[in-house]
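Let's take a friendly walk through a protein together. Have a look at the chain first, and then we will go through it step by step.

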Amino acid sequence: MAAMRANAGDGWCVPAPAPESFGITEPGEARRLERRLRGQPLRTFTEPTRLTGAVGRIPGTGVHCRPATFPFARFAAELGYRDIALDGPHDVMLSDPRSVADVLLSCATTPATP
């Protein structure tokens, strides 16, 4: 991530990937997405999260995509969260928004328990 930031030249942000990396290849959709993409602050990758233990009292659901880039299922399990995996790329909300909406709606109708 630091190398990507250095190559971008702004010093604080990791540049957004190209639309093709999200599986968006249709030219019109790729242009539409490219106009909306923004870089991500480097510190979101490098600063540690400080947890007080309070998160353990909040019921939650971990929703992630398969194949996973990061061990999201393990993260959810460590927090005691229900885990739901979607088949698709990391940004499946772009390539298959209906499946994401369906999962979110199912979470709303069947809340997680602490």
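A residue is called buried when its relative accessible area is under 20%, and exposed when that area is over 50%. Keep in mind as you read that this is a predicted model.

Let's try those words out on two cysteines. Cys107 has a relative accessibility of 16%, so this residue counts as buried. Cys13 is at 6% relative accessibility, and therefore Cys13 counts as buried too. You may wonder about bonds between cysteines: how many disulfides are there? The count comes to zero.

For a contrast, turn to Arg35, which you will find in helix 2, residues 27-36. Its relative accessible area is 55%, so Arg35 is exposed. You can also look from Arg35 to Pro19: the two are 16 residues apart in sequence, and their C-alpha atoms are 9.9 Å apart in space.

Next, find the strands. Strand 3 pairs with strand 4, residues 82-87, in the parallel sense, and six bridges join them. To see one of these partnerships, start at Val63: its bridge partner in strand 4 is Ile84. As you follow a strand, it helps to know that in a regular strand the side chains alternate between the two faces of the sheet. Now trace the path that takes in the helix as well: strand 3, helix 4 and strand 4 make a β-α-β unit, and this unit is right-handed.

Now for the open spaces. The largest pocket has a volume of about 560 Å³. It is lined by 20 residues, and the closest to its centre are Pro17, Gln40, Phe45, His90 and Asp91. What classes of residue make up the lining of the largest pocket? There are 13 nonpolar, five polar and two charged residues.

The second largest pocket holds about 300 Å³ of space. Of its 16 lining residues, Val63, His64, Cys65, Phe72 and His90 are the closest to its centre. Which elements give two or more residues to this lining? They are strand 3 (61-66), helix 4 (72-79), helix 5 (92-95) and helix 6 (97-109). Strand 3 gives the most, with four residues. By class, the lining of the second largest pocket has twelve nonpolar residues, four polar ones and no charged ones.

Before you leave, go back to two residues. Val63, which you met as the bridge partner of Ile84, is also among the residues closest to the centre of the second largest pocket. His90 is on the list of closest residues for the largest pocket and on the list for the second largest pocket.

Key: Residues numbered from 1 in each chain as written. Predicted model: local features only at pLDDT ≥ 70, side-chain atom pairs only at ≥ 80, totals over all residues. Heavy atoms only, no water. 1 Å grid on protein atoms, 1.4 Å probe; cavity = no way out; pocket = protein on both sides within 12 Å on 5 of 7 lines; lining within 4 Å. Points joined across faces, edges and corners; volume = space filled by probe spheres on them. Nonpolar A, V, L, I, M, F, W, Y, C, P; charged D, E, K, R; others polar. Disulfide = S-S within 2.5 Å. Buried < 20%, exposed > 50% of the residue type's maximum accessible area, 1.4 Å probe, protein only. Pairing = 2+ DSSP bridges. Right-handed = clockwise from strand over helix to strand, strands pointing away.
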